[in-house]
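Welcome, and thanks for taking a look at this one with us. Have the sequence and the coordinates open as you read, and hop between the topics in whatever order suits you.

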Amino acid sequence: MFLARLPIQEQLGKPAERNNMPSTANNDIGSAGLASRSFIFYIEVLGMGQCNLRCPSCPTGNFRDVNNPAGAMNPELLQQIMAKAVSECVVACVCLFNWAEPLLHPKIGELIRIVQQHGVPCHLSSNLNDIRNLEAALEANPTEFRVSLSGFTQETYGLTHRGGNVEIVKENMNELARLVKKTKATTRIQVLYHRYKNNLDDEVLMKAYATKLGFTFLPAWALFMPIEKLLAYVENDASLATITAEDYATLDKLALPVREALAAVEPYRNSPCTLQQHQITLDFRGNTMLCCGIYDADKYAVGMFLETHLSDIQVRKESHSMCARCTRNGIHVYLTYSAAELQAVALRTVFRRYSPFFVAIQSIWRKRPQWALGKTSQCLTRISVRFSGPSTPEMERLMLANTQTHVPSRLITQSSTVCGGGLEDDTKDRQWGKVKSLQVC
Ligand SMILES: C[S@@+](CC[C@H](N)C(=O)[O-])C[C@H]1O[C@@H](n2cnc3c(N)ncnc32)[C@H](O)[C@@H]1O
Ligand code: SF4
Ligand code: SF4
């Protein structure tokens, strides 16, 4: 799924560039036109939902009433899929995952090799709780290997990666670093940290841990998925899915709240959907799904990939009633983080969470300045929110308003000194709107 979706943004360019892409609406949908169009393939190597964990933001954990078929992709089938795919379009990369745990496939190494033999980069994403096939995967030297997690302590991680054990993950991260050296893999290792309201403090610790091992660290605001549940929630349509008490609890944990996010992306509702236009999702049987955000494999399949020309698949996707409902709500923009406004929505939630702390500190400042200074420094450090995303006037206004209201300016200046120059900008004028990055000290 979607953080799974980040490669789409990386491979297909920034939102602004994507907006300049040839528009989707049937103008190049013939086979000749599609031959030059770039697609990212999400190929599920196990049954959708076959995972050792039950994360509550993922349908594998929150949509157990859908019974997707179980099984494992046959390498010969993948061989045929790859041959057809590269003959019909430009395959930007293949992600061998969607709603399952790819490292559980006993032939994962062979599958990675098949993808790369076609000259196509292969990406993997794992929760890294079970590494029985990790060495075989690295021997095949995939282009990118992502470790998905959401905490440093079990108390935090266990809430959002249900069924997982972060101490095992940390051990396995060490083993991953060791195996990369042993196999001489050139694989890029990325740690993708799912940000919730409650796990920002842990982020600092995990970032230090991952960086020390030589891994790239990338945070992303956690989403609520899949599309059936999102639509059931925003359109109040119980025929699509039931929103359970546990779902409400998950929604409440999001730093990027769904309703606020969808309101913020309203101006982009009519923009083309990147997933519809530049992505193909297959299940382990080679059945084409509407997109990677959908979970019910039988209800939202649009044809067997090997038996259906890509141009026909695209016609079926573009005319699908689910896409009309999804875009009407801006879900396609939310799922791909395709609007800078989403960053502002998330930051607003984070500031709301931390501002009572700053107010309390301010009242203690006169009596115990050293203590207040230390605590503020610690808090600023731990928030660790990077303002490196696209800046918008709304975001700058928000940051300025929050810091001016809640943080005494001398604390900002002195905290940055304590942090050893952690604030990457001139803090003298207290213009946090201009601060590019609040670094972890
Ligand atoms: C559903 S997972 C399947 C692969 C593997 N089990 C894993 O978790 O990495 C596919 C991708 O979705 C991302 N993902 C999972 N939960 C997410 C969430 N709540 N918000 C955004 N991305 C999420 C993961 O980081 C992963 O890259
Ligand atoms: S580990 Fe991945 S597939 Fe498994 S439940 Fe979590 S997000 Fe879903
Ligand atoms: S419009 Fe929605 S349902 Fe359709 S492909 Fe895009 S994200 Fe999927």
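Which helices do the buried residues of H11 pack against? They pack against helix H4 (59-62), helix H12 (245-253), H13, H16 and H17. Please keep in mind that this is a predicted model. Here is the rest of the tour, grouped by topic.

**Overall picture and confidence**

- The protein has 441 residues, and 43% of them are buried.
- Its secondary structure amounts to 21 helices and nine strands.
- Taking contacts between residues at least 6 apart in sequence, 76% link residues at least 24 apart.
- Mean pLDDT for the protein is 83, with 76% of its residues at 70 or more.
- Over residues 384-392 the pLDDT is below 50, and this stretch has 24 contacts in the model beyond near neighbours in sequence.
- Residues 13-26 also stay under 50 in pLDDT; for these residues the model has twelve contacts beyond four places in sequence.

**The nonpolar core**

- The largest nonpolar core holds 100 residues, and those touching the most other members are Phe41, Ile43, Val45, Val94, Leu96, Leu111 and Leu342.
- At least three residues of this core come from each of domain 1 (3-335) and domain 2 (341-434).
- In soluble globular proteins, nonpolar side chains tend to be buried together.
- Isoleucine 43 gives a view of the packing: setting aside neighbours within four places in sequence, it is in contact with Leu78, Ile81, Val94, Leu96 and Leu282.

**Helix H11 and its two ends**

- Helix H11 spans residues 227-234, and its buried residues are Ile227, Glu228, Lys229, Leu230 and Tyr233.
- An α-helix has 3.6 residues a turn, so residues three or four places apart point the same way.
- Ahead of the helix, proline 226 sits in the loop between strand E6 (216-221) and H11.
- The peptide bond leading from methionine 225 into proline 226 is cis, its omega being near 5°.
- Just after H11, asparagine 236 adopts a positive phi of about 55°.

**The surroundings of ligand 2**

- Ligand 2 is surrounded by Cys51, Leu53, Arg54, Cys55, Cys58, Thr60, Gly61, Trp99, Ala100, Glu101, Asn127 and Ser148.
- By type, this shell consists of six nonpolar, four polar and two charged residues.

**The surroundings of ligand 3**

- Around ligand 3 there are 14 residues, the closest being Cys273, Gln276, Cys291, Cys323 and Cys326.
- Two or more residues of the shell are supplied by each of H14, helix H16 (321-328) and helix H17 (331-335).
- H16 provides the largest share of the shell, four residues.
- The shell around ligand 3 has ten nonpolar and four polar residues, with no charged ones.

**Positive phi in two loops**

- Leucine 128 is not a glycine, yet it has a positive phi of about 60°.
- Leucine 128 lies in the loop between strand E3 (122-126) and helix H7 (134-139).
- Why does leucine 128 count as buried? It has 25 other C-beta atoms within 10 Å, and 20 or more are needed for a residue to be called buried.
- Tyrosine 337, also a residue other than glycine, has a positive phi near 50°.
- Tyrosine 337 belongs to the loop between H17 and helix H18 (341-364).
- Tyrosine 337 counts as buried because it has 24 C-beta neighbours inside 10 Å.

**Two partly exposed residues with distant partners in sequence**

- Leucine 77 is part of helix H5 (residues 75-88).
- Because leucine 77 has 18 other C-beta atoms within 10 Å, it is partly exposed.
- Although leucine 77 and arginine 285 are 208 residues apart in sequence, their C-alpha atoms are 8.0 Å apart in space.
- Serine 271 is placed in the loop between helix H13 (258-264) and helix H14 (274-278).
- Serine 271 is partly exposed or buried, which? It counts as partly exposed because it has 19 C-beta neighbours inside 10 Å, whereas a buried residue needs 20 or more.
- Serine 271 and threonine 327 are 56 residues apart along the chain, and 8.2 Å separates their C-alpha atoms.

Notes: Residues are numbered from 1 along each chain as its sequence is written. Chains are lettered from A and ligands numbered from 1 in the order in which they are written. This is a predicted model: local features need pLDDT of at least 70, side-chain atom pairs count only at pLDDT 80 or more; totals for chains, interfaces and linings use all residues. A nonpolar core is a set of buried Ala, Val, Leu, Ile, Met, Phe, Trp, Tyr and Cys residues joined through C-beta atoms within 7 Å. A residue is buried if 20 or more other C-beta atoms lie within 10 Å of its own, exposed if 12 or fewer, and partly exposed in between; C-beta atoms are placed from the backbone. Domain bounds come from an automatic or database domain assignment. Two residues are in contact if their C-beta atoms, placed from the backbone, lie within 7 Å. A residue is near a molecule or strand if its C-beta atom, placed from the backbone, lies within 6 Å of it. Ala, Val, Leu, Ile, Met, Phe, Trp, Tyr, Cys and Pro count as nonpolar, Asp, Glu, Lys and Arg as charged, and the others, Gly among them, as polar. pLDDT is the predictor's confidence in each residue, from 0 to 100.
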